[in-house]
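Here is a friendly tour of a protein–DNA model. Have a look at the structure first, and then we can go through it together.

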There are 2 protein chains.
Amino acid sequence: MRYERKIPIPIECGLHLTKEVLGGKWKMSLINAIHAGIKRPARIEQAFPTLTKRVLSRQLKELEAHGIISKEIFPQLPPKVEYSLTPLGASLLPIIDMMDNWGNENRSFLEKVIEETRLMVEIGNHAH
Amino acid sequence: MRYERKIPIPIECGLHLTKEVLGGKWKMSLINAIHAGIKRPARIEQAFPTLTKRVLSRQLKELEAHGIISKEIFPQLPPKVEYSLTPLGASLLPIIDMMDNWGNENRSFLEKVIEETRLMVEIGNHAH
DNA sequence: ACCTATAGGGACAATTTTATCCCTATATCC
DNA sequence: GGATATAGGGATAAAATTGTCCCTATAGGT
């Protein structure tokens, strides 16, 4: 989330627009999950053990605000909510599929180089 | 860059592997530029006015370490370097094209909702 | 002697994104 | 009465990513 962003997003390019929509840590996974029928927040939470409720809630809210998913609220208690993909959201599925496939096809190589890169770069910068 | 990453990347999923490779702010743009023949750092810098040398250098280094681009050093002074896509890097082009197209096709809608989302969320969080 | 172009990185500040902790509200079940 | 499931968000801490500033080195031009 942001507070009066200081550094503008370079939106001249379609890439950055798409990145703004898909770039959140869990967004592509969420789109996949909703498309696969996991539509209620509590179910999504179970599906991704390391994704916490708070973060889930924010990513869903942004996806909704960006017109990628829509939210149906059932007037019940305890609350029931279901998300689904909008047509715009569904139009992202081919991209997400390609990315998932590319990652899986190159998994062994990528796991190796990602790990090596981490080691390499650890030296170059420091937390503070 | 990182210093002994504290929170591991969820690499069970191909999506997150791909995201680790393409997720940097300028990486997709750099792959595009290199593919388009803009191969020298100084040229790339000119092509992206808001991308500074330091950041460029880091993103290129990571792309190289991830096996996406390769670096040719010409033994000259002043230094001359050219980057090009590896076959692995070239295999990302279809994904990048799709993302660029999707963003451009939906540009007017996206610019609107991205702006609205920003306003919406400004209230919800604060810098510190 | 000085300036320019060139590629790269150290040190650190600023910004942005995620994570953690805890609280609200209510019908149903034990 | 008390626990449970449910969806969501405030406040704040932590982590990760980018940005800024400045320094190295050297051939060639003026």
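## Two copies, one axis

In this predicted model, a turn of 180° with a shift of 0.0 Å along the axis lays chain B on chain A, at an RMSD of 0.0 Å (least-squares superposition on the C-alpha atoms of residues with pLDDT of at least 70 in both). The two copies are thus related as by a two-fold rotation axis. Both copies use the same surface: 100% of the contact residues of chain B recur in chain A (contact means heavy atoms within 4.5 Å). B:Ile95 is the residue of chain B that comes closest to the rotation axis, with its C-alpha at 3.2 Å.

## Around DNA strand C

DNA strand C is surrounded by 32 residues, and the closest are A:Ile7, A:Lys25, A:Arg58, B:Arg54 and B:Lys71 (near means that a heavy atom of the residue lies within 4 Å). Of the strand's atoms within 4 Å of the protein, 62% belong to sugar and phosphate.

## Polar contacts with the strand

Which parts of the strand do the side chains meet? An N or O atom in the side chain of A:Lys25 is 2.6 Å from a phosphate oxygen. For base oxygens, the corresponding distances are 2.8 Å from B:Arg54 and 3.0 Å from B:Lys53 (polar contacts pair N or O atoms within 3.5 Å).

## How to read the numbers

Residues are numbered from 1 along each chain as its sequence is written, with chains lettered from A and ligands numbered from 1 in the order written. Local features need pLDDT of at least 70 and side-chain atom pairs 80 or more, while totals for chains, interfaces and linings use all residues; side-chain values use heavy atoms, leaving out hydrogens and water.

Technical notes: A polar contact is a pair of N or O atoms within 3.5 Å; within protein, one must be able to donate a hydrogen and the other to accept it, and residues adjacent in sequence count only if both atoms are side-chain atoms.
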